[in-house]
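Hi,

Here's the structure I said I'd pass along. Have a look at it first, and my notes on what turned up are underneath.

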Amino acid sequence: METISIPTKILSGVDSLDELTNISNEKIFMVCDSFLPNTPTLKEITSKINSSNSVTIFFRCKT
């Protein structure tokens with residue numbers, strides 16, 4: 001048997017996106033709706049992520 005434990009931290013509120021600047025040298029996996037890529041909202045979020053991180057954005061369009 002294998003056990004996988006993933007600690008989860010959820011931040012919300014007016015300045016919660018500013019916490020992204022404190023993350024470095026990590027793999028970040030973002031999940032969003034299919035309408036969010038290439039929007040100003042997603043660009044604002046990703047602009048706060050340090051370039052030392054590896055970022056993958058997942059979205060799925062229904063076809």
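**Asn53 and its contacts**

A polar atom of the Asn53 side chain sits 2.9 Å from the backbone nitrogen of Glu26. Before I go on: this is a predicted model, so please read everything here in that light. The Asn53 side chain also has a polar atom 2.9 Å from the backbone oxygen of Ile23. Asn53 itself belongs to the loop between α1 and β2. Is Asn53 buried or exposed? Its relative accessible area is 9%, and the cut-off for buried is under 20%, so Asn53 counts as buried.

**The strands and the crossover**

Next, the strands. β1 covers residues 27-31 and β2 covers residues 54-58. The two run parallel, with 5 bridges joining them. If you want a landmark for lining them up, Ile28 stands opposite Val55 in β2. To get from β1 to β2 the chain goes through helix α1, residues 40-47, and this β-α-β crossover is right-handed.

The side chains along β1 alternate. Ile28 and Met30 point to one face and are buried, while Lys27, Phe29 and Val31 point to the other face and are not buried.

**A nonpolar patch**

That second face brings me to the surface. Which residues form the nonpolar patch there? They are Phe29, Val31 and Phe58, and together they have about 330 Å² of accessible area. Phe29 is in strand β1, and its relative accessibility is 56%, so it counts as exposed.

**The salt bridge**

How many salt bridges does a search of the whole structure find? The count is 1. The partners are Asp18 and Lys48, whose side chains meet at 3.1 Å, N to O. Asp18 is in the segment before β1 and Lys48 is in the loop between α1 and β2, so this pair ties together parts that are 30 residues apart in sequence. As background, side chains of opposite charge can pair when their charged atoms come close. Asp18 has 38% relative accessibility and counts as partly exposed. Lys48 is partly exposed too, with a relative accessible area of 24%.

Lys48 and Asn53 both lie in the loop between α1 and β2, so that loop holds one partner of the salt bridge as well as the buried asparagine I opened with.

**Two positive phi values**

Last item, for when you look at the backbone torsions. Most residues other than glycine have a negative phi. Asn25 goes the other way: its phi is positive, about 55°, although it is not a glycine. Asn25 is in the segment before β1 and, at 61% relative accessibility, counts as exposed.

Asn38 also has a positive phi, near 65°, and is likewise a residue other than glycine. You'll find Asn38 in the loop between β1 and α1. With a relative accessibility of 71%, Asn38 counts as exposed.

Cheers

Technical notes:
Residues are numbered from 1 along each chain as its sequence is written. This is a predicted model: local features need pLDDT of at least 70, side-chain atom pairs count only at pLDDT 80 or more; totals for chains, interfaces and linings use all residues. Side-chain values use heavy atoms; hydrogens and water are left out. Patches are made of residues with over 30% relative accessible area and no salt bridge: like charges are joined within 9 Å, nonpolar side chains (Val, Leu, Ile, Met, Phe, Trp, Tyr) within 5 Å. Accessible areas come from the Shrake-Rupley method with a 1.4 Å probe; for residues, only the protein chains shown count as cover. A salt bridge is a side-chain nitrogen of Lys or Arg within 4 Å of a carboxyl oxygen of Asp or Glu. Helices (H or I, at least four residues) and strands (E, at least two) are DSSP runs, numbered from the N terminus. Buried means under 20% relative accessible area, exposed over 50%, partly exposed in between (1.4 Å probe, protein chains only). Two strands pair if DSSP finds at least two bridges between them. A crossover is right-handed if, with the strands pointing away from the viewer, the path from the first strand over the helix to the second runs clockwise. A polar contact is a pair of N or O atoms within 3.5 Å; within protein, one must be able to donate a hydrogen and the other to accept it, and residues adjacent in sequence count only if both atoms are side-chain atoms.
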